[in-house]
Amino acid sequence: METRRHRRGKKCVLLPLSILCLAVLLPGELLAPSASVSSSSSAAAAAGGSRKRRWAGFDYYVLALQWPGTICRQTSNCCETNGCCRSKPLKWFTIHGLWPQYNYGGWPSCCRPTRFNINKILMLMPILEKYWPSLYCGSSSTCFGGRGPFWGHEWETHGTCAYPEIQDEYDYFSTALYLYSKYNVTKALRKAHIRPASGRKYAVGHIVAVIEYAFGAMPSLVCKNGSVQELRLCFHKDYQPRDCTFETDKAPNSRSHCPRYVTFPSYKPSVLANATEGISDQATGELHTFG
């Protein structure tokens, strides 16, 4: 059995690959990551009005999950790296990123001068391809002025800012997968008879209440044209759920504002045979409220 050890001081987390694969399907089976809990409120307060800053500690995590139907229904051309172009549509929430945040509303970015090393997550690739795919074509910008894979952008921009709680690429992606599997949003909604892709409209208040009841903390929603684009869960630095209080205060005219009733749209995968080098950058539809 392949294993990977992470050392955080005197603590060590053992993540067997077979258990990790099982955990994504059966939430709660994966060993929880070790976390050194420390307060960085003073660092956040000292940040002033700046919304994005270099690393100065952080206060909590956001696990951003995206509903593929809202994004993939806009895909007009395909490429091999685009999860929207697979033969079968994605009918579950996928991961967008795990993002360190400040309590006052900002976030750190590009915190350590370390380039993404894909070799460190090769054993996770089958799981990442299924549950953390890119839903766009083309490469993503990196912290060093270049372009790279989607996962490299998430690690360099956000993952490097979770140090020392998160040590390296494997630590970052396996931690996100652990949270994703333990707090299974798709399963919680279906249990409450909220079935994404059914074409029905659901009350936002009901969606929020279901997730809050299931996990003990209030989520936040990001919408586009009346459809759920992202559902975000927030966690303390010890990986326990907390309310996404800052994100619940959105102006009604905000592009990410959700109406009273929302949909979880379905989509038909585009034909890969018509693939081009990349589709137009849909950054305008990708609401990076957190960076």
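A helix, as the word is used on this tour, is a DSSP run of H or I that is at least four residues long, and helices are numbered from the N terminus. One thing to know as you look around: this is a predicted model.

**The whole chain**

Start with everything on display. The chain has 8 helices and 13 strands. Of its 291 residues, 54% count as buried. Turn on the surface and you're looking at about 13,300 Å² of accessible area, with 52% of that belonging to carbon and sulfur atoms. How do the contacts run along the sequence? Take the contacts between residues at least 6 apart in sequence: 76% of them join residues at least 24 apart.

**Helix α8**

Now select residues 204-215, which make up helix α8. Put a distance label on its end C-alpha atoms and you should get 17 Å. Does that sound right, or wrong, for 12 residues at 1.5 Å a residue? The expected span is 16 Å, so the two values agree.

Next, show the side chains. Val 204, Ile 207, Val 208, Val 210, Ile 211 and Phe 215 are the buried residues of α8. They cover an arc of only 160° around the axis, so they sit on the same side of α8. Here's a handy bit of background: an α-helix has 3.6 residues a turn, so residues three or four places apart point the same way. Swing round to the other side of α8 and you'll meet Gly 205 and Tyr 213, which are exposed.

What do the buried residues of α8 pack against? Colour these in: helix α7 (185-191), plus the strands β9 (201-203), β10 (220-224), β11 (227-235), β12 (241-242) and β13 (261-263). Before leaving, click on Gly 216, just after α8, where phi is positive at about 80°.

**From β10 into the next loop**

Pick Val 222, which lies in strand β10. Val 222 has a relative accessible area of 0%, so this residue counts as buried. Add His 257 to your selection. The two residues are 35 apart along the chain, yet their C-alpha atoms are separated by 6.4 Å.

Move on to Asn 225, in the loop between β10 and β11. Buried or exposed? Asn 225 is exposed, at 70% relative accessibility. Its phi is near 55°, a positive value in a residue that isn't glycine. That's worth a second look, since most residues other than glycine have a negative phi.

**Helix α5 and a neighbour**

Select 150-157 for helix α5. All 8 of the 8 residues of α5 are buried, so the helix is largely enclosed by the rest of the structure. Among them are Trp 151, His 153 and Glu 156.

Zoom in on Thr 157, also part of α5. Why does Thr 157 count as buried? Its relative accessibility is 10%, and the cut-off for buried is under 20%. Leaving out residues up to four places away in sequence, Thr 157 touches Pro 108, Ser 109, Cys 110 and Cys 143. The C-alpha atom of Trp 99, a residue 58 places away along the chain, is 8.8 Å from that of Thr 157.

Hop across to Cys 110, in the loop between β6 (107-108) and α4 (125-131). Cys 110 is buried at 17% relative accessible area. Its phi is near 50°, another positive value in a non-glycine residue.

**A cis bond**

Follow the chain to the loop between α5 and α6 (169-182), where you'll find Pro 164. A cis peptide bond joins Tyr 163 and Pro 164, with omega at about 5°. For context, most peptide bonds are trans.

**Rings**

Finally, colour the aromatic residues. There are 16 aromatic pairs. Zoom in on Tyr 172 and Phe 173: their ring centres are 4.9 Å apart and their planes meet at 80°, so this pair is edge-to-face. Tyr 172 is buried at 1% relative accessibility, and Phe 173 is buried at 0%. Add Phe 116, Trp 132 and Trp 155 to see the aromatic cluster these two belong to.

Two last stops show charges over rings. The charged end of Lys 130 sits over the ring of Trp 92, 5.7 Å from the ring centre. Over the face of Tyr 60 you'll find Arg 242, 3.8 Å from the centre of that ring.

Conventions:
Residues numbered from 1 in each chain as written. Heavy atoms only, no water. Helix = DSSP H or I, 4+ residues; strand = E, 2+ residues; numbered from the N terminus. Buried < 20%, exposed > 50% of the residue type's maximum accessible area, 1.4 Å probe, protein only. Contact = heavy atoms within 4.5 Å. Areas by Shrake-Rupley, 256 points an atom, 1.4 Å probe, with all protein chains shown as cover. Phe/Tyr/Trp six-rings, centres within 6.5 Å; stacked < 30°, edge-to-face > 60°. Lys NZ or Arg CZ within 6 Å of the ring centre and 35° of its normal. Expected span 1.5 Å × (residues − 1). Arc of directions from axis to C-beta.
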